[in-house]
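Please open the model in your viewer and keep the selection panel at hand. The tour below goes from one selection to the next and says what is to be found at each stop.

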Amino acid sequence: MTSNLQIRTSGALMRRLVVLVLFDGVDLLDVTGPPEVFSLLRRELGDATTYRVVLAAETLEPVTTAAGVRVLPDATFDQLARRKIDTLIVPGAVDVDDRLRVRAVTDPVVVQRVRALAARARRVASVCVGAHVLAAAGLLDGKRATTHWSTARQLAAEHPAVEVDPDPIFIRDGHVWTGAGISACLDLSLALVADDFGEAAALSVARQLVMYLKRPSGQSQFSIPLEPVSTTRRVDDLRHHITRNITEPLTVADLAAHAHVSERQLTRIFKAELGTTPAAYLESARVEAARNRLESTDDGLERVASTCGFTTVDTLIRAFRRQLGMTPTDYRKRFRTT
């Protein structure tokens, strides 16, 4: 099926070799997500795209993913050593200990292979914790990058030459792209498609994926429910109190009174437990509540503001600009789901 979309091409059609790195323990969706996007693009545009996805590993033996599903490589790293690569995509892998703490892991052999393949690639992209592999290969030094929120601190600690931003869905810095959480591999892949063939093509694929709208790079991967779990019952109680009473005009003084502490002590507690201030957390919680209403209701901005604890619509707009870099109206246009 050939689409009537206006697409961007340059000169004669060229085969775009996309190499996706495989290794044992890799996250399955990191592997399957990008090829699905490229496949749907070909279905939408027919011969207008010539992406060819090759799964590459150290050997041609089946690779066992973290989900236990085995994947067959198409080629070995050695077989691709002299090939010109359009896009190199690097997924990641994690270990989870008995306390459910997540840590990204990298194989030195894979890091060495990625470094060599990247030298022959027009662009390089990591999905989820694959950013740790790129960083270990020295490909993120001096660059701004993102990764899954759960390993962002690890990435920053282990690679101080990398400017780690744990918030965006994906980041492009020159020819290197990094993506956030696992499902964000779809957003990153759509962004690569948009870079090659234009926004209309990417949005057409997004509709086929039932993603409603393609999320921009500035969209946050962070939300209040995903914050680090606090270690004290007092802070847990405060968080639940905020969630239950988000429609009320809560203040820092109200929270301090609820916790039976001074405002100064409350600030110390939030800094130690959640790495933020009570006021910043309260605003984030209200923005999260407003995001949900903008996505799922027809409420006007005045009602959204009042039911989420904002004193005025202007206060709501300023909070959205600080937190998400866009207005509530722009957010609704992009992420409305009903």
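Begin by selecting arginine 83, which sits in the loop between β5 (75-76) and β6 (85-90); helices (H or I, at least four residues) and strands (E, at least two) are DSSP runs, numbered from the N terminus. Before going further, note that this is a predicted model, in which local features need pLDDT of at least 70 and side-chain atom pairs count only at pLDDT 80 or more, while totals for chains, interfaces and linings use all residues. Residues are numbered from 1 along each chain as its sequence is written, and side-chain values use heavy atoms, with hydrogens and water left out.

**The charged patch**

Arginine 83 is partly exposed, with a relative accessible area of 36%; here buried means under 20% relative accessible area, exposed over 50%, and partly exposed in between (1.4 Å probe, protein chains only). Add Arg15, Arg42 and Arg52 to the selection, and together with Arg83 they show a patch of positive charge on the surface. Patches are made of residues with over 30% relative accessible area and no salt bridge, like charges being joined within 9 Å and nonpolar side chains (Val, Leu, Ile, Met, Phe, Trp, Tyr) within 5 Å. Lys and Arg count as positive and Asp and Glu as negative, whereas His and the chain ends are not counted, and the place of a charge is taken as NZ of Lys, CZ of Arg, CG of Asp or CD of Glu.

**The sheet**

Next, show the strands as a cartoon and look for the open sheet of seven strands, whose order is β5-β2-β1-β6-β9-β13-β12, with mixed pairing. At the edges stand β5 and β12 (170-173), each with a single partner strand, so one side of each has no neighbour in the sheet. Two strands pair if DSSP finds at least two bridges between them.

Now select β9 (121-126), and colour its neighbours separately. On one side, β6 and β9 pair in the parallel sense over five bridges, and within this pairing leucine 88 has valine 124 of β9 as its bridge partner. With strand β13 (residues 176-179), β9 again runs parallel, the two being joined by three bridges, and here valine 124 has valine 176 of β13 as its bridge partner. Five of the six residues of β9 are buried, so this strand is largely enclosed by the rest of the structure.

**Salt bridges**

Keep β9 in view and display the charged side chains. The structure holds 16 salt bridges, a salt bridge being a side-chain nitrogen of Lys or Arg within 4 Å of a carboxyl oxygen of Asp or Glu. Select aspartate 86 and arginine 123, whose side chains meet in a salt bridge (4.0 Å, N to O). Because aspartate 86 lies in strand β6 and arginine 123 in strand β9, the pair ties together parts that are 37 residues apart in sequence. Both aspartate 86 and arginine 123 are buried.

Move on to arginine 122, which forms a salt bridge with aspartate 196, the closest N and O atoms being 3.2 Å apart. Arginine 122 lies in strand β9 and aspartate 196 in helix α5 (residues 184-197), so this pair ties together parts that are 74 residues apart in sequence. Are the two partners buried or exposed? Arginine 122 is partly exposed, with a relative accessible area of 40%, while aspartate 196, at 8%, counts as buried. To see the wider setting, select Arg16, Asp86, Arg122, Arg123, Arg172, Asp195 and Asp196, which are linked in a network of salt bridges.

A further salt bridge joins arginine 103 and glutamate 158 (2.6 Å, N to O). This pair links distant parts of the chain, with arginine 103 in strand β8 and glutamate 158 in helix α4 (residues 152-158), 55 residues apart.

**Loops and a nonpolar patch**

Select Val96, Leu100 and Val102, which make a nonpolar surface patch of about 280 Å²; accessible areas come from the Shrake-Rupley method with a 1.4 Å probe, and for residues only the protein chains shown count as cover. Leucine 100 is in the loop between β7 (94-96) and β8 (102-104), and at 69% relative accessibility it counts as exposed.

Finish with two loop residues. Cysteine 128, in the loop between β9 and α3 (131-136), has a positive phi of about 55 degrees although it is not a glycine, and with a relative accessible area of 4% it is buried. Histidine 260, in the loop between α8 (252-259) and α9 (263-274), has a positive phi near 60 degrees, and with a relative accessible area of 73% it is exposed.
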